[in-house]
Amino acid sequence: MSCKNNKVQEVNETMEQSNINIAATKNNLETTIIAYLNPKGEKEIDSLVTEDYLRNMNGIPVVTNKTELKARINLYGTGFPDYAITLGNSLVCDNQGYVDWIFTGTNTGEFAEVMATGKKVKIKGFSHLYFNAEGRIYREDIFYNELELLQQLGYSLETPNLK
């Protein structure tokens, strides 16, 4: 991870990166990242992300606002009630954060309309977070191996029928 040549212009940004005046300090953004990865409730999410928050998972938009983010978090909380996300390496550069993380939990509840398997999972992933001028997260690009998650839950791929 590096902060060199780190220029991203998106919907919520209208100024050149060098002119962005972020109200929060680097330490505040790091604290936000830690709270965001393991929120204590919906009210905490309200204070951490913008209304038009966007999450792309493995390059695919899966959340387009704060309400959808809360539903996604509840999905994982229901499927993995004991889940925890631990930070590996993290780096904050200007208005962006880069985080390696590990998701652990036991699938004891319904997850994505599938009954619980009772299996434990441990998934490594990476998030690229974007902060607005107030230090709130407006976008996350998250990457992890979805197949690995499903395999740890006991699912497998079948050879495709090529006939």
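In this predicted model, Tyr 130 sits across from Arg 139 of β6. The two strands involved in that part of the fold, β5 (residues 120–131) and β6 (residues 137–144), run antiparallel and are joined by seven bridges. They belong to an open sheet of six strands, ordered β2-β1-β6-β5-β4-β3, with mixed pairing. At the edges are β2 (60–63) and β3 (84–93), each of which has a pairing partner on one side only. Going from one strand to the next, the twist averages 25 degrees.

Stepping back to the whole chain, there are four helices to go with the six strands. Along the sequence they follow the pattern α-α-β-β-α-β-β-β-β-α. Of the chain's 163 residues, 39% count as buried. Contacts reach a good way along the sequence: taking pairs at least 6 residues apart, 58% link residues at least 24 apart.

Two of the helices can be placed against the sheet. Helix α1 lies across β1 (49–57), β3, β4 (96–106), β5 and β6, and runs at about 155 degrees to β3. Helix α3 (residues 66–79) lies across β1, β2, β4 and β6, at about 55 degrees to β1.

Leu 37 gives a view of α1 from a single residue. This leucine is part of that helix, which spans residues 26–37. With a relative accessible area of 7%, Leu 37 falls under the 20% limit and so counts as buried. Beyond its neighbours within four places in sequence, Leu 37 is in contact with Ile 85, Leu 87 and Val 99. Ile 85 and Leu 87 fall within the residue range of edge strand β3, while Val 99 falls within that of β4. The C-alpha atom of Leu 37 is also 10.0 Å from that of Ser 127, a residue 90 positions away along the chain.

The largest nonpolar core brings many of these elements together. In soluble globular proteins, nonpolar side chains tend to be buried together. Here the core has 30 residues, and those touching the most other members are Tyr 36, Val 49, Phe 80, Phe 103 and Leu 149. Two or more residues come from each of α1, α2 (42–48), β1, α3, β3, β4, β5 and β6. Helix α1 is the top contributor, giving five residues.

Phe 103 deserves a closer look. This residue is buried, at 8% relative accessibility. Leaving out residues up to four places away in sequence, Phe 103 touches Tyr 76, Phe 80, Tyr 83, Ala 84, Ile 85, Val 121, Lys 122 and Ile 123. Several of these partners are aromatic, and Phe 103 joins Tyr 76, Phe 80, Tyr 83 and Phe 111 in one aromatic cluster. Across the whole structure, nine aromatic pairs turn up. In one of them, Tyr 76 and Phe 103, the ring centres are 5.7 Å apart and the planes meet at 75 degrees, so the geometry is edge-to-face. Because Tyr 76 belongs to helix α3 and Phe 103 to strand β4, this pair ties together parts 27 residues apart in sequence. Tyr 76 is buried too, with 14% relative accessibility.

Polar side chains also turn up in buried positions. Glu 140, in strand β6, has a relative accessibility of 1% and counts as buried. Its side chain makes polar contacts with two tyrosine side chains, that of Tyr 36 at 2.3 Å and that of Tyr 53 at 2.8 Å. The former is one of the core residues that touch the most other members. Outside its sequence neighbours within four places, Glu 140 is in contact with Tyr 36, Tyr 53, Leu 54, Arg 55, Asn 56, Ser 127, His 128, Leu 129 and Tyr 130.

Thr 106, in strand β4, is likewise buried, at 10% relative accessible area. The threonine side chain makes a polar contact with the side chain of Lys 120, at 3.4 Å. Not counting residues up to four places away in sequence, Thr 106 touches Gly 79, Phe 80, Pro 81, Asp 82, Gly 118, Lys 119 and Lys 120. Phe 80 therefore appears in this list of contacts as well as in the aromatic cluster.

Notes:
Residues are numbered from 1 along each chain as its sequence is written. This is a predicted model: local features need pLDDT of at least 70, side-chain atom pairs count only at pLDDT 80 or more; totals for chains, interfaces and linings use all residues. Side-chain values use heavy atoms; hydrogens and water are left out. Buried means under 20% relative accessible area, exposed over 50%, partly exposed in between (1.4 Å probe, protein chains only). Contact means heavy atoms within 4.5 Å. Two strands pair if DSSP finds at least two bridges between them. Axes are lines fitted to C-alpha atoms, for helices over the stretch in contact, and angles run from 0 to 180 degrees between N-to-C directions. A nonpolar core is a set of buried Ala, Val, Leu, Ile, Met, Phe, Trp, Tyr and Cys residues joined through side-chain atoms within 4.5 Å. A polar contact is a pair of N or O atoms within 3.5 Å; within protein, one must be able to donate a hydrogen and the other to accept it, and residues adjacent in sequence count only if both atoms are side-chain atoms. Rings of Phe, Tyr and Trp (its six-membered ring) pair if their centres lie within 6.5 Å; planes under 30 degrees apart count as stacked, over 60 as edge-to-face and the rest as tilted.
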